[in-house]
Amino acid sequence: MPAKKKSTSGSKAKQQDNPLSISSSTQDLAESHSGISTPGSPTLQDNFTGPPTRVTDSSYLMGSDPEISGDGTDVIKTDGYLEDHRAYFGQRFAHFKRWVRDIELNEGGIDKFSRGYERFGLHVTDEGVSYREWAPGAREASLVGDFNGWDVAANPLTRNEYGVWETVVPNTESGEVAIAHGSHVKVSFVTDKGERVYRLPAWSRYVTQDLSKSPIYESVFYNPPHKYEFKHKRLVPPADLRIYEAHVGISSPEARVATFKEFTQNVLPMISDLGYNAVQLMAVMEHAYYASFGYQVTSFFAPSSRYGEPDDLRELVDTAHSLGIVVFLDVVHSHACNNVEDGMNQFDGTDHCYFHEGGRGRHELWNSRLFNYGHHEVTRFLLSNLRYWIEEFGFDGFRFDGVTSMMYKHHGIAYGFSGHYNEYFCGNTDEEAVVYLMLANYMCHKLYPGFVTIAEDVSGMPAMCRSVQEGGVGFDYRLTMSVPDMWIKLLKETKDEDWSMDHIAHQLTNRRYQERAITYCESHDQALVGDKTLAFWLMDKEMYTNMSDHTYLTPVIERGIALHKMIRLVTCGLGGEGYLTFEGNEFGHPEWLDFPREGNGSSFHYARRQFNLVKDENLRYKYLYRFDKAMMHLEQQHKWLSAHDQWVTLKHEGDKVLAFERGGLLWIFNFHPTNSYTDYRLGAGWAGKYKVALSTDDHEFLGQGRIAHDTEHFSTPMEWNGRPNFIQVYLPARTAVVLRHFD
């Protein structure tokens, strides 16, 4: 869904009168409560409405977690420009603390509250199969399926006063589970209008599609006789994240949907060989429309069955852990698919249930539904969804998709962010959504120390990646979404000799103080149809004819391979506290990515990754693979991504030379298309000897071998480029070299 990745300039949304108050109505909140209470807790009306009990009532909030005992304004200490918004941060934090306190008093704490997946949905117990569902708008409900001949009268559900329906399907007389593993089930509701509808259970853990019968997905009761047992514990993600973003379905050279097992057997070893320490899996949550790239989720608790069974995903994660690779999940809580029959839209027959009703509950560009983040049961569903993927599958981190759309009432549609703080902390902001993100981050970090959360946000909201305790939203990292845009814009619009070293350095270092970022040259966005990969922008049609070692090395291919290496190296070296690549791009995957759809004749030709290109020793893709591997292994050794030292030494526009220090290394880039420099003088922070650690010009990377690795460079103690020493080096055109310092 490329449309949701960018916002365009346009008119600003009208500000609301009071963005800081809790807007949930007494009726909504009363409907939401599940009936779980703690003796002596406040009544539902006192606990969940805004007025007359204000979120700033300190006596009510005093029992909250001592870790969040502050007032949420600590973020101002390191950014004085936030002072004008002190009241906003205080009110937002009080709103967050109110949620935590409500959950403590009414649900027994966030740990228990976020384990809704253990009670809702279908579960095998000693007595039988229990089923629980929240559907406040329904008048009647029954569980139907192959097990009872789809008889709506056989297994009716009873409703409590809060709209929660439940039943137990007793075991057979012989003590066997009455619902067979692999059989189909649904919930049938009679709506408030008297209409009978059939829905997939909202907490379904496995849903499948049989195109020979219908394109509609069906819920399957998943109760295998032998569940996969993990052999390895979850990992704590390292501080220097090297992330390999991947989509299981396209992870094969063949024109078909690849599987979890194939990814485990074929792709994980390659990721390990390259030196990446994290894999970020896209499109795991079930989505009926394959071409949505996984961003139109229909069943939030079900791994996509097109790749295999849930246990196959467990094996994938477990195998990654055995290789020392952490696994991140691409989480889509920003919206839900508009589907009714196999989605969550109109689940109980109403326009809302899990979503806002009316226009507020619809995303006009994505044609999808928007969650009501201020609702108790919706929050239970979403937080439990996060816990489920951690507890059941062992994920070590989350990338939250579409965060910009969540946080603003205009969803970033026709809105250009200038960076003015009023754009973030006034009527444009959807406080309920922001507070939900605070709750999600608070829960993940409190219950799983070291767990990583990453925000896909194009707006640049301040304090996004500051801790919740300080008053931030609580993410560990944000994606530097402007960096790939910079590279594409340079390649499309600017001649090589006109590239600005200052502009490149500024874009790569333009990060908020104390807020970490994941940087990248290109992700899945840049590979989607309508755009092209960096390699294709650089080499275009010659990739079809001149990527063989047996053909002439044309100027186009030589330039393309040289710049491909340099762009990735400078981005990884200077651009953030973590690095990401999208699968295949590390070796210059040609063309673009396009899923089978009506517009392309349902073709899989572009919905695949041609890993075979790297394995063919006759082709030049192997050189880019080797370089990416060398770059990742150098980072593994020096860990510059987690280093705190970073100094841009030189930005020479005429020479097209960019140099900087980071991680105990001296990085030098000569972007000039034709000029080489001998005895080029550069400032250096460390006195002593320097030797080559990595050069883009090595023969093994299809360079010309002009940089001698055995050359030793000795510093001279004289200030140069603002540094206390200088060294002199040879810089061939379109070449980068990384020097290691020796005392």
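The following is an exchange on how terms such as buried, contact and expected span apply to parts of this predicted model.

Student: Why is T480 called buried?
Tutor: T480 has 11% relative accessibility. Buried means under 20%, so T480 counts as buried.

Student: Where is T480 found?
Tutor: T480 is in the loop between strand 19 (477–479) and helix 11 (482–493).

Student: What makes the pair T480 and T519 a polar contact?
Tutor: Their side chains are joined at 3.2 Å. The cut-off for a pair of N or O atoms is within 3.5 Å, so the pair T480 and T519 counts as a polar contact.

Student: Which residues is T480 in contact with, leaving aside its neighbours within four places in sequence?
Tutor: They are A517, I518, T519, Y520 and G575. Contact here means heavy atoms within 4.5 Å.

Student: Why is V648 called partly exposed and not buried?
Tutor: V648 has 28% relative accessibility. Partly exposed lies between the 20% limit for buried and the 50% limit for exposed, so V648 counts as partly exposed.

Student: Where is V648, and what is it in contact with?
Tutor: V648 is in strand 22 (residues 646–652). Leaving aside neighbours within four places in sequence, V648 is in contact with T509, L574, L658, A659 and F660. As for D102, V648 is 546 residues from it in sequence and 49 Å from it in space, C-alpha to C-alpha.

Student: How do you know that the span of helix 7 agrees with the expected value?
Tutor: Helix 7 (residues 310–322) has 13 residues, which at 1.5 Å a residue should span 18 Å. The end C-alpha atoms of helix 7 are 19 Å apart, which agrees.

Student: What makes helix 7 mostly covered?
Tutor: In helix 7, 10 of the 13 residues are buried, among them P310, L313, L316 and H321. The buried residues of helix 7 pack against helix 6 (260–274), strand 11 (278–282), strand 13 (299–303), strand 14 (326–331) and helix 8 (376–393).

Student: What follows helix 7?
Tutor: Helix 7 is followed by G324, whose phi is positive, near 80 degrees.

Student: How do you know that the reach of helix 10 is close to the expected one?
Tutor: Helix 10 (residues 431–447) has 17 residues and reaches 24 Å from its first C-alpha to its last. At 1.5 Å a residue, 24 Å is expected for helix 10.

Student: What makes helix 10 mostly covered, and what is at its start?
Tutor: In helix 10, 14 of the 17 residues are buried. At the start of helix 10, a side-chain oxygen of D430 reaches to within 3.2 Å of the backbone nitrogen of E432.

Terms used. Residues numbered from 1 in each chain as written. Predicted model: local features only at pLDDT ≥ 70, side-chain atom pairs only at ≥ 80, totals over all residues. Heavy atoms only, no water. Helix = DSSP H or I, 4+ residues; strand = E, 2+ residues; numbered from the N terminus. Expected span 1.5 Å × (residues − 1). Buried < 20%, exposed > 50% of the residue type's maximum accessible area, 1.4 Å probe, protein only. Polar contact = N/O pair within 3.5 Å; in protein donor to acceptor, adjacent residues only side chain to side chain.
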